[in-house]
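Trainee: I'm new to this structure and would like a close look at one part of it. Could you take me through a single residue and its surroundings, then step back a little?

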Amino acid sequence: MDESLIYREATKVDTQLANLMASANEYVRRSKAQNTIKAYQSDWQSFSRWCKARGLCSLPAEPRVVALYLSDMADLGYKASTIGRHMISIDLAHKTKGYPSPTSDETVRSVWRGIRNTIGVAPSGKSPVLVEDLRRMLRHAPNDLMGLRDRALLLIGFAGAFRRSELVSLNVEDIEFTREGLVITLRRSKTDQVGEGRKVGIPYGSFIETCPVRALQAWLEATGIESGALFRHVTKGRQIGTTHLSDKSVARIVKKYIERIGLDESKFAGHSLRDGLATSAAMAGASERDIMAQTGHKNPMMVRRYIRDGNLFRSNAAARIGL
């Protein structure tokens, strides 16, 4: 057999394998949400810089090096959830390169248990925007295009209990006005990376000023937007952008109106709309099942936290003893 033919065939096989490996790596990259991947990459870069500054090897890293890094993070005041995510990032970086993970070592595990016991693991989440908060916020929305957008975004984000990434990803093609209200199709979300989709119903509000359906209609009619990004940038010159808002824009809008009603904006974020619907629904006596149907939660434990918070005064023993 011609040796040159054998070489060509071997090269062809190598090229095919290389293409398959590149394809497989791309699917691995897409197995997690983009924001999650960015967080892991940032965590790994922080660990690498920390090691480099001290003349230590980051890959592969010795267990004692990881233990020292976690201890340093705890001493610097990082939350347990942040330190835990850094552990995951270090673990993934090693496994991806074929190295055993140093985070599995008992030394690292012991340090991690000590950190959790010392600083606690209870989440210090942002405050929810409750119905009365939202009502007051909307009164400060100006009567212009930016005000119309902000009203629609706040009301749709609240009534749909959307994550900020879900809210800003919406297109006009994802919404359908019906007799009962609005049907919004989420093409993809944090808990639906494979794109099965989920429909969320948003009914007409009892009051015009807080009706999410009418607010969205007003925004679309004023702008003439018929396709593409639903929520867009608005310039001071009344120019409407063509691309989606960033998820950080949701947080900025929430904080802007929270500050206008005299509350501490540092205690609120984009997620406060989603938390607010769940907490407000629990306060109104909505069932766990109904709340989960609206929020899309898969785990009832998180929803039960909202129910507990919502019932702190609704079902309060101290309120019934005549103090």
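Trainee: Leaving aside its neighbours within four places in sequence, which residues is L216 in contact with?

Mentor: First, a word on what you're looking at. This is a predicted model, in which local features need pLDDT of at least 70 and side-chain atom pairs count only at pLDDT 80 or more, while totals for chains, interfaces and linings use all residues. Residues are numbered from 1 along each chain as its sequence is written, and side-chain values use heavy atoms, with hydrogens and water left out.

Now to L216. Setting aside neighbours up to four places away in sequence, L216 touches A152, I156, I175, F177, L182, L230 and F231. Contact here means heavy atoms within 4.5 Å.

To place some of those names, look at the sheet. Three strands make up an open sheet, ordered 1-2-3, with antiparallel pairing. Strand 1 (175-177) and strand 3 (198-203) are the edge strands, each pairing on one side only. From one strand to the next, the twist averages 20°. Helix 9, residues 212-223, packs on this sheet and touches strand 1, strand 2 and strand 3, with its direction at about 110° to that of strand 1. A few terms before we go on: helices (H or I, at least four residues) and strands (E, at least two) are DSSP runs numbered from the N terminus. Two strands pair if DSSP finds at least two bridges between them. Axes are lines fitted to C-alpha atoms, for helices over the stretch in contact, and angles run from 0 to 180 degrees between N-to-C directions.

Let's walk across the sheet. Strand 1 leads into strand 2 by a hairpin of three residues, and the two pair over three antiparallel bridges. Two of L216's contacts, F177 and L182, face each other here: F177 stands opposite L182 in strand 2. On the other side, strand 2 (residues 181-186) is joined to strand 3 by six bridges, again antiparallel. There, V183 sits opposite G201, and T185 has K199 as its bridge partner. Strand 2 is largely enclosed by the rest of the structure, because five of its six residues are buried. Buried means under 20% relative accessible area, exposed means over 50%, and partly exposed lies in between (1.4 Å probe, protein chains only).

L216 also shows up in the largest nonpolar core. That core has 45 residues, and L154, I156, F162, I202, L216 and F231 touch the most other members. Several elements give it two or more residues, including helix 8 (164-168), strand 2, strand 3 and helix 9. Helix 7 supplies the largest share, eight residues. Another core lies apart from it, with 20 residues, among them W50, V65, A74 and W112. By definition, a nonpolar core is a set of buried Ala, Val, Leu, Ile, Met, Phe, Trp, Tyr and Cys residues joined through side-chain atoms within 4.5 Å. In soluble globular proteins, nonpolar side chains tend to be buried together.

It helps to compare with some other places in the chain. A67, in helix 3 (residues 63-75), is buried at 7% relative accessible area. Not counting residues up to four places away in sequence, A67 touches T107, V108 and V111. S89 belongs to helix 4 (residues 80-96) and counts as buried at 4% relative accessibility. Its contacts, without neighbours within four places, are A39, Y40, D43 and W44.

What about the cysteines? C51 is buried at 0% relative accessibility, and C211 is buried at 1%. The sulfur of C51 lies 7.6 Å from the closest cysteine sulfur, in C57, which is too far for a bond. The structure holds zero disulfides, a disulfide being a pair of cysteine sulfur atoms within 2.5 Å.

Finally, the whole chain. The protein chain has 13 helices and five strands, and 38% of its 323 residues count as buried. Among contacts between residues at least 6 apart in sequence, 58% join residues at least 24 apart. The chain exposes about 19,100 Å², with carbon and sulfur atoms supplying 53% of it. Accessible areas come from the Shrake-Rupley method with a 1.4 Å probe, and for residues only the protein chains shown count as cover.
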